[in-house]
Amino acid sequence: MSDEKKEQLKKQFHLETKSPLFKQALEFCERVARSHANVLLIGESGSGKEIASRYIHACGHRSSQNFVAVNCSAFTETLLESELFGHEQGSFTGASKTHTGKFELSNHGTLFLDEIGDLSLTTQIKLLRALETKQIERIGSNTKREIDFQLICATNQNLPEKIQNREFREDFFYRISTIVIKIPALRERREDLPALIKFFFQKIQKENGISIRSLDDAVTDFLFTYDYPGNIRELKNIIERIVILSQNGFVAKETLPTLYNVAADSSYESPSAFHL
């Protein structure tokens, strides 16, 4: 893939960065996209692991095929098995029609399993066999179906620690983590704050039909020094809050949530001149 194409994709996914740490992570994503290797993305909640997984898919030879995302924590163990493997009509109570699972839907494309650390040990065993054999069977069926996809998993949990506590299978961990890429937290890439703040202000103003002309200096200082434990997701939420609570195009200090005031990073200074 040409450098020009990569830059276009970064712009599309809002991954343009000045951070050396994040640049390296994106370079690893580009390299692994050329392979069939299973990828494990690690990093804090809200740091952008799903966006990184979509970037890997877009950079790879499977980009014209399906990208299928599943949040493993959003389903009970039984429902997750049906969601992934699919089921035949009448295979269990409530199965009124045949359901094609995510494994089949991602065939020749990319399957993204988010919150992989929340999988039960039983489900891990079933997924491990599917990944080893590249075959699945729908619930209620004896027909084996061939599957071929690139697997990308993500977690904000310490999987080696969960292995020691017997909460995660070691063999499954090694199967899903051929390549491990850490997505840095927002506080580790503060160089990107000006562009991200401007992007979210423009986006949220447009979505809500609100025009912001100026910010209280205290608001600007807060946006550039806050530690953002919730990362990019939290940054977006904060800006959405202060835009919606603004009056007459002005964002006052009072629009800031008071509970955030204790989490500023005093070692980082806000820019002397910042314009929306």
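## Report on a predicted chain and its parallel sheet

Of the 276 residues in this chain, 46% count as buried. The model is a predicted one. Its C-alpha trace spans about 65 × 45 × 40 Å along the principal axes. The accessible surface amounts to about 14,500 Å², and carbon and sulfur atoms account for 47% of that surface. The chain carries 35 positive and 37 negative charges, and the mean positions of these two groups lie 4 Å apart.

**Secondary structure and the sheet**

The chain contains 11 helices and 11 strands. Among the contacts with a separation of 6 or more, 75% join residues that are 24 or more positions apart. Five of the strands form an open sheet with parallel pairing, in the order 2-5-8-1-9. Strand 2 (67–71) and strand 9 (179–182) stand at the edges; each has a single partner strand, so one side of each is left without a neighbour in the sheet. On average, neighbouring strands of this sheet are turned by 20° against each other, direction ignored.

Within the sheet, strand 1 (residues 39–42) pairs with strand 8 (residues 150–155) in the parallel sense, over four bridges. L41 has A154 of strand 8 as its bridge partner.

**Helices packed on the sheet**

Two helices that touch these strands are set out below.

| Helix | Strands touched | Angle to a strand |
|---|---|---|
| Helix 3 (residues 49–59) | strand 1, strand 2, strand 5 (110–114), strand 8 | about 150° with strand 1 |
| Helix 2 (residues 20–32) | strand 1, strand 8, strand 9 | about 155° to strand 9 |

Helix 3 packs on the sheet, and helix 2 lies across strand 1, strand 8 and strand 9. The strand 1 and strand 8 pair described above therefore appears in the contacts of helix 3 as well as in those of helix 2.

**A residue in a loop: S246**

S246 is found in the loop between helix 11 (231–244) and strand 11 (250–251). Is S246 buried or exposed? S246 has a relative accessible area of 14%; a residue counts as buried under 20%, so S246 is buried. Which residues are in contact with S246, leaving aside its neighbours within four places in sequence? These are I210, I212, V251 and T255. One of them, V251, belongs to strand 11 (250–251), at one end of the loop that holds S246.

Technical notes:
Residues are numbered from 1 along each chain as its sequence is written. This is a predicted model: local features need pLDDT of at least 70, side-chain atom pairs count only at pLDDT 80 or more; totals for chains, interfaces and linings use all residues. Side-chain values use heavy atoms; hydrogens and water are left out. Two strands pair if DSSP finds at least two bridges between them. Helices (H or I, at least four residues) and strands (E, at least two) are DSSP runs, numbered from the N terminus. Axes are lines fitted to C-alpha atoms, for helices over the stretch in contact, and angles run from 0 to 180 degrees between N-to-C directions. Contact means heavy atoms within 4.5 Å. Buried means under 20% relative accessible area, exposed over 50%, partly exposed in between (1.4 Å probe, protein chains only). Accessible areas come from the Shrake-Rupley method with a 1.4 Å probe; for residues, only the protein chains shown count as cover. Lys and Arg count as positive and Asp and Glu as negative; His and the chain ends are not counted. The place of a charge is taken as NZ of Lys, CZ of Arg, CG of Asp or CD of Glu.
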